[in-house]
Amino acid sequence: MTANPIPFRTGNGYDVHRLADGLELWLGGIKVAHSKGAVAHSDGDVIIHALCDALLGAANLRDIGYHFPDTSSEYKGIDSKILLGQTMNMLRKKGYELGNADVVLCLQRPKVKDLIPAMQQCLAQTMQTDADNICIKATTTEALGFVGREEGVAAYATALLVRTSCI
Ligand code: MG
């Protein structure tokens with residue numbers, strides 16, 4: 001079998017966390033003021049978790065649960081930005097660089113549109129890339145389903161990687 005001649009690879013990721021009263025809500029690396037937060041082994045940042053899986057998928061490096069198991073005390077309460085930084089190290093070690101990433105956050109409440117530039121800056125810094133390479137979009141689900149009932153928060157992510165030798 002010959003090596004893949006195409007210097008680009010795409011990946012996608014999806015994550016969900018349950019929401020409960022009185023917990024912290026972390027999204028895109030920043031703390032969001034809200035009465036509910038994510039039930040999670042880590043800080044429960046669905047944007048970062050979906051993004052890590054998109055990046056790992058693009059590099060064919062398994063998934064976030066494989067590298068950072070939620071059964072390990074090492075990752076209890078961990079800041080997900082640390083996992084994202086380690087994910088970037090893994091894909092760079094394999095010879096890839098981020099082209100761009102695109103994320104959809106599904107959250108009924110609160111509205112996060114004013115926080116998106118801060119999330120982009122935070123993720124760009126963590127990923128050592130330009131903020132223009134990371135798009136974050138937010139949507140409600142029109143009060144439908146578990147997101148609409150405010151029982152949970154979800155995120156979808158897509159990432160494009162470029163082979164470093166082609167940059
Ligand atoms: Mg998660």
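In which loop is the place of Pro110? In this predicted model, Pro110 is in the loop between strand E5 (96-106) and helix H4 (116-127). The peptide bond that joins Arg109 to Pro110 is cis, with omega at about -5°. Most peptide bonds are trans, and most residues other than glycine have a negative phi. Two further loop residues of the model have a positive phi and are not glycine. For Asn60, phi is near 50°; this residue is found in the loop between helix H1 (46-58) and helix H2 (64-67). For Ala143, phi is near 65°, and its place is in the loop between strand E6 (134-139) and helix H5 (145-148). Asn60 counts as exposed because its relative accessible area is 54%, over the cut-off of 50%. Ala143, with a relative accessible area of 49%, is partly exposed.

The strands considered next form an open sheet. The sheet contains five strands in the order E4-E1-E7-E5-E6, and their pairing is mixed. Strand E4 (36-39) and E6 are the edge strands, each pairing on one side only. On average, neighbouring strands of this sheet are turned by 25° against each other, direction ignored. E1 and E4 run antiparallel and are joined by four bridges. Arg18 has Val39 in E4 as its bridge partner. Helix H1 packs on the sheet, where it touches E1, E5, E6 and strand E7 (152-163). The direction of H1 makes about 155° with that of E1. Helix H4 also packs on the sheet, touching E5 and E6, and its direction makes about 145° with that of E6.

In soluble globular proteins, nonpolar side chains tend to be buried together. The largest nonpolar core of this model has 46 residues. Those with the most contacts inside this core are Leu27, Ile47, Leu51, Leu55, Met119, Leu123 and Met127. Elements that each supply at least two residues of the core include strand E2 (25-27), strand E3 (30-32), helix H3 (80-93), H4 and E7. H1 provides the largest share, 10 residues. Beyond the residues up to four places away in sequence, Leu123 touches Gly28, Gly29, Ile47, Ile48, Leu51, Leu84, Ile134 and Ile136.

A magnesium ion is also part of the model. Its protein donors are Asp15, listed twice through OD, His17 through NE2 and His49 through ND1, at 2.2 to 2.8 Å from the ion. Along the chain, the donors follow the spacing D-x1-H-x31-H. Asp15 lies in strand E1 (residues 8-21). Both Asp15 and His17 are buried. For Asp15, the assignment follows because its relative accessible area is 15%, under the cut-off of 20%. The side chains of Asp15 and His17 make a polar contact at 3.3 Å. Apart from neighbours within four places in sequence, Asp15 is in contact with Val46, His49, Ala50, Val153, Ala154 and Ala155. Asp15 thus touches His49, another donor of the ion. Between Asp15 and Leu61, 46 residues apart in sequence, the distance from C-alpha to C-alpha is 17 Å.

Notes:
Residues numbered from 1 in each chain as written. Predicted model: local features only at pLDDT ≥ 70, side-chain atom pairs only at ≥ 80, totals over all residues. Heavy atoms only, no water. Donors = N, O, S within 2.8 Å, 3.2 Å for Na, K, Ca; no water. Buried < 20%, exposed > 50% of the residue type's maximum accessible area, 1.4 Å probe, protein only. Contact = heavy atoms within 4.5 Å. Polar contact = N/O pair within 3.5 Å; in protein donor to acceptor, adjacent residues only side chain to side chain. Pairing = 2+ DSSP bridges. Axes fitted to C-alpha atoms, helices over the stretch in contact; angles between N-to-C directions. Core = buried A, V, L, I, M, F, W, Y, C linked by side-chain atoms within 4.5 Å.
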